[in-house]
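User: Hi! I am new to reading protein models and would like a close look at one part of this one. Could you take me through it step by step?

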Amino acid sequence: MGRSKRSTPIPGLSFSWKRALGISQARQKFARTTGIPTTKQGLERKVGKTILGLLFGKH
């Protein structure tokens with residue numbers, strides 16, 4: 001078996017082109033400003049919470 005491919009030779013050190021270009025920060029700022037999550041998991045959580053709130057109501 002061969003070695004697994006690593007992005008960098010140093011364990012724990014990685015490079016993200018999205019972070020380097022500021023895309024991650026822009027997404028976070030958008031999400032905080034609008035209240036709309038930009039991740040799949042965040043959106044599913046928000047939709048689920050909304051549906052449950054409509055079904056059971058808040059007392």
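What percentage of the residues in the protein chain is made up of buried residues? After that, please look closely at Ile 36 and its surroundings.

Analyst: Happy to help! Please keep in mind that this is a predicted model. Buried residues make up 3% of the 59 residues in the protein chain. About 6000 Å² of the chain is exposed, and 60% of that area is supplied by carbon and sulfur atoms. As for secondary structure, you will find 3 helices and 0 strands, which gives the pattern α-α-α when you read along the sequence.

Now to the part you asked about. Ile 36 sits in the loop that joins α2 (23–34) to α3 (40–56). On one side of this loop is α2, a helix of 12 residues. From its first C-alpha to its last, α2 reaches 16 Å, close to the 16 Å expected at 1.5 Å a residue. Gly 35 follows α2 and has a positive phi, near 80°.

What does Ile 36 touch? If you leave aside its neighbours within four places in sequence, Ile 36 is in contact with Phe 30 and Ala 31. You can also compare the position of Ile 36 with that of Lys 46: the two are 10 residues apart in sequence, and their C-alpha atoms are 8.4 Å apart in space.

Is Ile 36 buried or exposed? The label is partly exposed, because its relative accessible area is 42%, and that label covers values between the 20% and 50% cut-offs.

Ile 36 also belongs to a nonpolar surface patch of about 800 Å², together with Phe 30, Leu 43, Val 47, Ile 51, Leu 52, Leu 55 and Phe 56. The largest share of this patch, 6 residues, comes from α3. One patch member to look at there is Ile 51, which lies in helix α3. Ile 51 counts as partly exposed because its relative accessibility is 45%.

Here is a general point to help you picture a helix. An α-helix has 3.6 residues a turn, so residues three or four places apart point the same way.

Finally, follow α3 to its end. This helix has 17 residues and reaches 24 Å from its first C-alpha to its last, close to the 24 Å expected at 1.5 Å a residue. Just after α3 comes Gly 57, with a positive phi of about 65°.

Conventions: Residues are numbered from 1 along each chain as its sequence is written. This is a predicted model: local features need pLDDT of at least 70, side-chain atom pairs count only at pLDDT 80 or more; totals for chains, interfaces and linings use all residues. Side-chain values use heavy atoms; hydrogens and water are left out. Helices (H or I, at least four residues) and strands (E, at least two) are DSSP runs, numbered from the N terminus. Buried means under 20% relative accessible area, exposed over 50%, partly exposed in between (1.4 Å probe, protein chains only). Contact means heavy atoms within 4.5 Å. Accessible areas come from the Shrake-Rupley method with a 1.4 Å probe; for residues, only the protein chains shown count as cover. The expected span of a helix is 1.5 Å times one less than its number of residues. Patches are made of residues with over 30% relative accessible area and no salt bridge: like charges are joined within 9 Å, nonpolar side chains (Val, Leu, Ile, Met, Phe, Trp, Tyr) within 5 Å. A salt bridge is a side-chain nitrogen of Lys or Arg within 4 Å of a carboxyl oxygen of Asp or Glu.
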